[in-house]
Each structure stands twice: as C-alpha cells, then as structure tokens.
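User: Hi! I've just opened a new model and would love a walk through it. Could you take me through what you see?

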Amino acid sequence: MQPTLVYAICSFNDIPSRQAIGFHLMVLEDDGNHRPWPIIVVRWGKKVLGYVNKCPHHSVNLDWEQNEFLDPNGIRLMCGKHGSTFELGTGRCVEGPCQGRALTPIALVVVDGDICAVGVHLAEDDA
Ligand code: FES
C-alpha cells in the first residue's frame, strides 16, 4: 500500500479567518514532468477549504487582482473576469456565466498547525 502524500502549504495562522489566499504550486507527474497547480485556500474559523484556482467558465485564475478571491460581501468566491460567484463550502457556481458548474475541490488537512494538501505529489520548491 502506498503511503498517503501530505505536503505542508502554509501555516494555519498565515491565513486570517474569512480570507482566501492563492498558491502557485507544481505537481510532479508520474512521468517526472511538472504541471502548474494554482490553488485557493480559504480559512473560515477553524475550517480550511481548497479549490483549484481555475474558473469553470474560461479556465482563468479567479483573482484578477492578486489574492482578491472574495465577493464584496466576503461570503463567496468570485471570478474577477465576468463576476461568477461560488459557494465557499461547495465551490458550486451560484451566479454568473458558469452557473451550475463548480470549482474543483482539493483535499486539505491541518497537521501540527500547518495546512497540508493530501493525495497529490508536489514538486519540492528548491528556493
Ligand atoms: S472567466 Fe470566470 S466568470 Fe468568466
């Protein structure tokens, strides 16, 4: 049985509650190639949620201004291109041109105060 892959992305305390931050990570494919993996991490109280940072409408990053992910009310994710809004808890688009579609969720856990991605093989950052 393969061990579960767990990679720390940031400290839990790096993201204030009710805020979302983007990370530009790299996934290591089975063939050794690296594939960009931009993600959004949302913290809501003690809960963390993650989605791939790719709008289902035109496959662009949601944050047209860096790390501007939330709608003006701060309760949904919003795409900066055409204004689609997405439920925080499900990633489902509830308003805008991609209504009925959804962001791709990613599995996150908090381990020893770090927010970690689970089940993906990330390329280590040499920097
Ligand atoms: S590209 Fe996101 S709503 Fe159109």
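Analyst: Happy to. Let's begin with strand 10, which has a covered face made of Ile-115 and Ala-117 and an uncovered one with Asp-114, Cys-116 and Val-118. Keep in mind that this is a predicted model.

User: Which strands pair with strand 10, and in what sense?

Analyst: Strand 1 pairs with strand 10 in the antiparallel sense over 5 bridges. Strand 9, residues 108–111, is also antiparallel to strand 10, with 4 bridges.

User: Nice. Which residue of strand 10 does Tyr-7 stand opposite?

Analyst: Tyr-7 stands opposite Ala-117. Along the same pairing, Ala-8 stands opposite Cys-116. On the strand 9 side, the bridge partner of Val-110 is Ile-115.

User: And what goes on in the hairpin of strand 9 and strand 10?

Analyst: There are 2 residues between the strands, and Asp-112 takes a positive phi near 50 degrees.

User: What order do the strands have in that open sheet of 3?

Analyst: The order is 1-10-9, with antiparallel pairing. Strand 1 and strand 9 stand at the edges with a single partner strand each, so one side of each has no neighbour in the sheet. On average, neighbouring strands here are turned by 35 degrees against each other, direction ignored.

User: Back to Val-118 for a second. Is Val-118 buried, partly exposed or exposed?

Analyst: Val-118 counts as partly exposed, because it has 14 C-beta neighbours inside 10 Å, and being called buried takes 20 or more.

User: What does Val-118 touch further along the chain?

Analyst: Leaving aside neighbours within four places in sequence, Val-118 is in contact with Thr-4, Leu-5 and Val-6, and also with Ala-107, Leu-108 and Val-109. Val-118 and Tyr-7 are 111 residues apart along the chain, yet their C-alpha atoms are separated by 6.6 Å.

User: Cool. Now Phe-12: where does Phe-12 lie?

Analyst: Phe-12 lies in the loop between strand 1 (6–11) and strand 2 (19–28). With 15 C-beta neighbours inside 10 Å, Phe-12 counts as partly exposed.

User: Who is Phe-12 in contact with, skipping neighbours within four places in sequence?

Analyst: The contacts of Phe-12 are Val-110, Gly-113, Asp-114 and Ile-115. Gly-96 is another matter: its C-alpha atom and that of Phe-12 are separated by 31 Å, with the two positions 84 residues apart along the chain.

User: Switching topic: what about the open sheet of 4 strands?

Analyst: Its order is 2-3-4-8, and the pairing is antiparallel. Strand 2 and strand 8 (105–106) are the edge strands, each pairing on one side only. Strand 4, residues 47–52, is joined to strand 8 by 2 bridges, and Gly-50 stands opposite Ile-106 in strand 8.

User: And the largest nonpolar core, which residues have the most contacts inside it?

Analyst: That core has 21 residues, and those with the most contacts inside it are Ala-20, Ile-40, Val-41, Leu-62, Phe-69 and Leu-77. The elements giving two or more residues are strand 3 (34–44), strand 5 (76–78) and strand 10 (114–118). Strand 3 gives the most, with 4 residues.

User: What does Ala-20 touch?

Analyst: Not counting residues up to four places away in sequence, Ala-20 touches Ile-40, Val-41, Val-42, Phe-69, Leu-70 and Leu-77.

User: Zooming out, how many helices and strands does the protein have?

Analyst: There are 0 helices and 10 strands. The radius of gyration is 15 Å, close to the 14 Å that the globule rule gives for 127 residues, so the protein is as compact as a globular protein of that length. Along its principal axes, the C-alpha trace spans about 40 × 35 × 30 Å.

User: What share of the residues counts as buried?

Analyst: Of the 127 residues, 23% count as buried. As for contacts between residues at least 6 apart in sequence, 46% join residues at least 24 apart.

User: Last one: which residues does UniProt list for a domain?

Analyst: An unreviewed UniProt entry lists residues 38–117 as "domain: Rieske". In this model, the end C-alpha atoms of that span lie 12 Å apart, and the span is 0% helix and 40% strand.

Notes:
Residues numbered from 1 in each chain as written. Predicted model: local features only at pLDDT ≥ 70, side-chain atom pairs only at ≥ 80, totals over all residues. Core = buried A, V, L, I, M, F, W, Y, C linked by C-beta atoms within 7 Å. Buried ≥ 20, exposed ≤ 12 C-beta atoms within 10 Å, placed from the backbone. Contact = placed C-beta atoms within 7 Å. Pairing = 2+ DSSP bridges. UniProt positions renumbered as here; feature names shortened; annotations may be inferred. Axes fitted to C-alpha atoms, helices over the stretch in contact; angles between N-to-C directions. Rg over C-alpha atoms; globule rule 2.2 N^0.38 Å.
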